Amino acid sequence: MFLKKIEMIGFKSFADRTKIQFDQGITAIVGPNGSGKSNVTESLRWALGEQSAKSLRGAKMPDIIFAGTQNRKALNFAEVIVTFDNEDKYLNSEKEVSITRRLYRNGDSEFLINGKKVRLKDVHDLFTDTGLGRDSFSIISQGKIESIFNSKPEERRAIFEEAAGVLKYKGRKKETESK
Ligand code: ATP
Ligand code: MG
């Protein structure tokens, strides 16, 4: 499984439809300060279900929608589509898995997996234990290393548990117990 493509429209500084294609192996994104490098990684985290506006450097979720510039009007809608090569059937039985997240300024939002409307929970479940989940250890943003060192033992434990692949079972146990 590997990340193949990120497409965005209206996400942060990416007002126009922007498509970034990745090959297998290492990709580096370079550019001057403020050119949008961090926004690219945030688009991935957002599409995978990030719920904290603060961790996306905003005050509220609609702050991720293109806010306009001196000579361009703000947009009312943001969409990110991330596509994974899943030839090895790591995530599910599909050859390719795409996650779409949309948000409108009025607060309406939706998630799709391979074009089908799903719940946020379905997106979380798909990525639990893959290292791309909610407590992802594969996306380390500026400042994250410090926050891992300063986190409480139970928070740090969650990172190790995701890495070890046991969160899925813990989640299922909790679900069963609550029934
Ligand atoms: P650095 O090298 O300093 O880390 P970077 O390449 O990571 O920079 P980003 O932080 O990704 O840059 O991009 C910041 C830019 O994105 C700023 O110019 C900011 O104004 C713009 N930006 C963020 N949110 C929005 C938004 N909602 N609408 C328009 N522009 C936005
Ligand atoms: Mg940055």
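What follows is a short dialogue on how to read a predicted model, moving from its sheet and helices to its ligand and a few single residues.

Me: Where should I begin with the sheet, and what is the order of its strands?

Reply: Begin with which strand pairs with which, and then look for the edges. In this predicted model, the sheet is open and has 6 strands in the order β2-β1-β3-β4-β5-β6, paired in the antiparallel sense. The edges are taken by β2 (18-21) and β6 (116-118), and because each has a single partner strand, one side of each is left without a neighbour in the sheet. Direction ignored, neighbouring strands are turned against each other by 20 degrees on average.

Me: Over how many bridges do β3 and β4 pair?

Reply: Strand β3, residues 77-85, and strand β4, residues 96-104, are joined in antiparallel fashion over 9 bridges. As a point to find by eye in this pairing, look for valine 80, which stands opposite arginine 101 in β4.

Me: Which strands do helices α1 and α2 lie across?

Reply: Helix α1, residues 37-47, lies across β1 (2-9), β2, β3 and β4, and it runs at about 85 degrees to β3. Helix α2, residues 120-127, lies across β4, β5 (109-113) and β6, at about 40 degrees to β5.

Me: How do I read the faces of a helix, and which residues of α1 are buried?

Reply: The general idea is that an α-helix has 3.6 residues a turn, so residues three or four places apart point the same way. In α1 the buried residues are Glu42, Ser43, Leu44, Trp46 and Ala47, and these pack against β1, β3 and β4. Just after α1, glycine 49 takes a positive phi of about 110 degrees.

Me: Which residues come nearest to ligand 1?

Reply: There are 15 residues around ligand 1, and among these Asn33, Lys37, Ser38, Asn39 and Ala67 come nearest. By character, the shell divides into 4 nonpolar, 8 polar and 3 charged residues. It is worth setting this beside the record, with care about its status: an unreviewed UniProt entry lists Pro32, Asn33, Gly34, Ser35, Gly36, Lys37, Ser38 and Asn39 under "binding site".

Me: Where are glycine 36 and asparagine 39 found, and what do they touch?

Reply: Glycine 36 is found in the loop between β2 and α1, and it counts as partly exposed because it has 17 C-beta neighbours inside 10 Å. Leaving out residues up to four places away in sequence, glycine 36 touches Ser13, Phe14 and Gly31. Asparagine 39 is found in helix α1 and, with 19 C-beta neighbours inside 10 Å, counts as partly exposed; the cut-off for buried is 20 or more. With its neighbours within four places set aside, asparagine 39 is in contact with Lys12, Ser13 and Phe14.

Me: Is lysine 12 buried or exposed, and what is its phi?

Reply: Lysine 12, in the loop between β1 and β2, is buried, since 23 other C-beta atoms lie within 10 Å. Its phi is near 50 degrees, a positive value in a residue other than glycine. Asparagine 114, in the loop between β5 and β6, has a phi near 45 degrees, again positive in a residue other than glycine, but asparagine 114 is partly exposed, with 14 other C-beta atoms within 10 Å.

Me: Where does glutamate 154 lie?

Reply: Glutamate 154 lies in helix α4, residues 153-164, and it counts as exposed because it has 7 C-beta neighbours inside 10 Å. Its C-alpha atom is separated by 36 Å from that of serine 35, the two residues being 119 residues apart along the chain.

Technical notes. Residues numbered from 1 in each chain as written. Chains lettered and ligands numbered in written order. Predicted model: local features only at pLDDT ≥ 70, side-chain atom pairs only at ≥ 80, totals over all residues. Near = placed C-beta within 6 Å. Nonpolar A, V, L, I, M, F, W, Y, C, P; charged D, E, K, R; others polar. Pairing = 2+ DSSP bridges. Helix = DSSP H or I, 4+ residues; strand = E, 2+ residues; numbered from the N terminus. Axes fitted to C-alpha atoms, helices over the stretch in contact; angles between N-to-C directions. Contact = placed C-beta atoms within 7 Å. Buried ≥ 20, exposed ≤ 12 C-beta atoms within 10 Å, placed from the backbone. UniProt positions renumbered as here; feature names shortened; annotations may be inferred.
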